[in-house]
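Trainee: I should like to go through the salt bridges of this model with you. May we begin once the structure is shown?

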Amino acid sequence: MPFKDSASKFAWLLIPLAAWALGATAGAQDSAAGQQSETTELRDSIHQMQIQIQQMQGLMREMKEEADRYRSETQQLEHELELTRQRLDFLQPPVAASPSPATEAYPGQESRSERSAAGTQAEQRITRLEENEELINGKLDEQYQTKVESASKHRVKLSGILLMNIFSNQGFVDHLEVPGVALPSTPSATGGNTGGSFGATFRQSEFGLEVYGPTLAGAKTQGSFVADFFGEFPETVNGSDAGALRLRTGTLRLDWAHTSVITGMDSLFFSPLYPTSFASVGIPAFSYSGNLWGWTPQLRVEHRFISSENNTVTLSGGILDPLTGEAPPNEFLRFPGAGESSRQPAYAGRVEWRRRVFGQPLVLGVGSYYNRENWGFNRNLAGWAATNDWSIPFGAHFNLSGEFYYGNAIGGLGAGIGRSVVFNGLLSDPTATVHGLDTIGGWSQLKFKPGARLEFNVAAGQDSVEAADVRGFNLAPGYFAANLIRNRSEFANLIYRPRSNLLFSAEFRTLRTYAVDSGSDRANQLNLVMGVLF
């Protein structure tokens, strides 16, 4: 037992300490009576040793209590597993049942239908019990896993996914691994724009930690962060295969029964849904084509009104860092963007109604966003957005989800094809005109999940601006050209989970991007995925 091993280690540690104390005491008795200072030091040493022994005894008691708790939980789970196995043995149909005389004499249709219905019910119950057994086995495995230690002695949970993506692109795109925009395919001298590409990446793997802290003023405290390897590339040979560590989210929470306070770097709480895709983890699917997203420093408050067990209304409101989509001018120093130069935060709110139907949550939400932007020389704009989102189950196997938004100057949230504004000259020129982009977009996804291990998803999204808003303007902040007016994307994927911690996926995605007074560019991607969760 781990407790016994730890107790033995502490016992061996106490033996030399006790021997040292006895030796020091004997030496002190043989010394001269006038050496009062040495006697005082000896007493202090003995007192410190006693304190250390008391601390070790306290640690041993805590370890014993923890071992007893784990032993009790394991015994309870083993008992539940044994009951499940007994039920499975009881419900198994007989191998060979001889027909009764009455059945042979009167083989009517009614008896056959009754036997068929009974067999179907038994198969359904066996399937449910097998799923319960798999769940219990998972809980048992979790109990036997090595515990993540914390210096604060509070519970810590490590989780993540190791993700391997193999992809093939047809057409030229903005991002080789996670394409969002189709670009003109014109061969270049370096050979980088050939109209197609093939590659693989492990950079979308991610890991996270959750820390469960003490209760404070009646609230449960919790902290968490998630990181991946989708940061910048090292400037070395083949460095494009090895991205740097990147922080995605990191939050601190105070949770009361009906109210929560959350602060840190988190996703957009007023636009919370993402399409389901393991081909787009480093950057969410439909970025710049209908999906508002971002990991932004923020502070928000949530309050839940629970009218019944199946109905909840949640009000959320908070402030955010007002990001506007500019690329940093320096990789080492942080300069304020147009939103941060306004000297005030962004404001957002959301109302959500949640109800449980068909064993799944039905969610309807509406949100809003507002920020001020200062582009220099008194060129001030207001960025704003109105959003709504939905997740609607249709029976036990189908779900329809999506989001819709309309707003102005919200390129920092992925709208306007990543552009908040366009301008007809350099921002350093006080005569240059800055024009905020009105944008409208959204996405929707249909999910079909015939079982716990397999699901199919089909989704489409689009983001667009008015042609009149970009005509006559030749510059824009961010990565994309000023003349783009519409970006559209669709995908279809299947996700198979043979085990709870293992998944395989295949996805096909299309992109089509339109420019003002011009044609459109197309691109496709086929992505094969293997992932291991921990």
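Mentor: Let us fix one term beforehand: a residue is called buried when its relative accessible area is under 20%, exposed when over 50%, and partly exposed in between. Please also bear in mind that the model is predicted.

Trainee: How many salt bridges does the count give?

Mentor: Side chains of opposite charge can pair when their charged atoms come close. The cut-off applied here is a Lys or Arg side-chain nitrogen within 4 Å of a carboxyl oxygen of Asp or Glu. By that rule, the number of salt bridges is 17.

Trainee: Which parts of the chain does the salt bridge between Asp-228 and Arg-248 tie together?

Mentor: The two side chains meet at 3.1 Å, N to O. Asp-228 and Arg-248 are both buried. The partners are 20 residues apart in sequence, so the pair ties together strand 6 (residues 219–228) and strand 7 (residues 246–255).

Trainee: Is Arg-304, the partner of Glu-302 in a salt bridge, buried or exposed?

Mentor: Glu-302 and Arg-304 meet at 4.0 Å, N to O. Glu-302 has a relative accessible area of 15% and is buried. The relative accessibility of Arg-304 is 19%, and the limit is under 20%. Arg-304 therefore counts as buried.

Trainee: What is the class of Arg-471, which forms a salt bridge with Asp-517?

Mentor: The closest N and O atoms of this pair are 3.1 Å apart. Asp-517, at 63% relative accessibility, is exposed. Arg-471 has 45% relative accessibility and therefore counts as partly exposed.

Key: Residues are numbered from 1 along each chain as its sequence is written. This is a predicted model: local features need pLDDT of at least 70, side-chain atom pairs count only at pLDDT 80 or more; totals for chains, interfaces and linings use all residues. Side-chain values use heavy atoms; hydrogens and water are left out. Helices (H or I, at least four residues) and strands (E, at least two) are DSSP runs, numbered from the N terminus. Buried means under 20% relative accessible area, exposed over 50%, partly exposed in between (1.4 Å probe, protein chains only).
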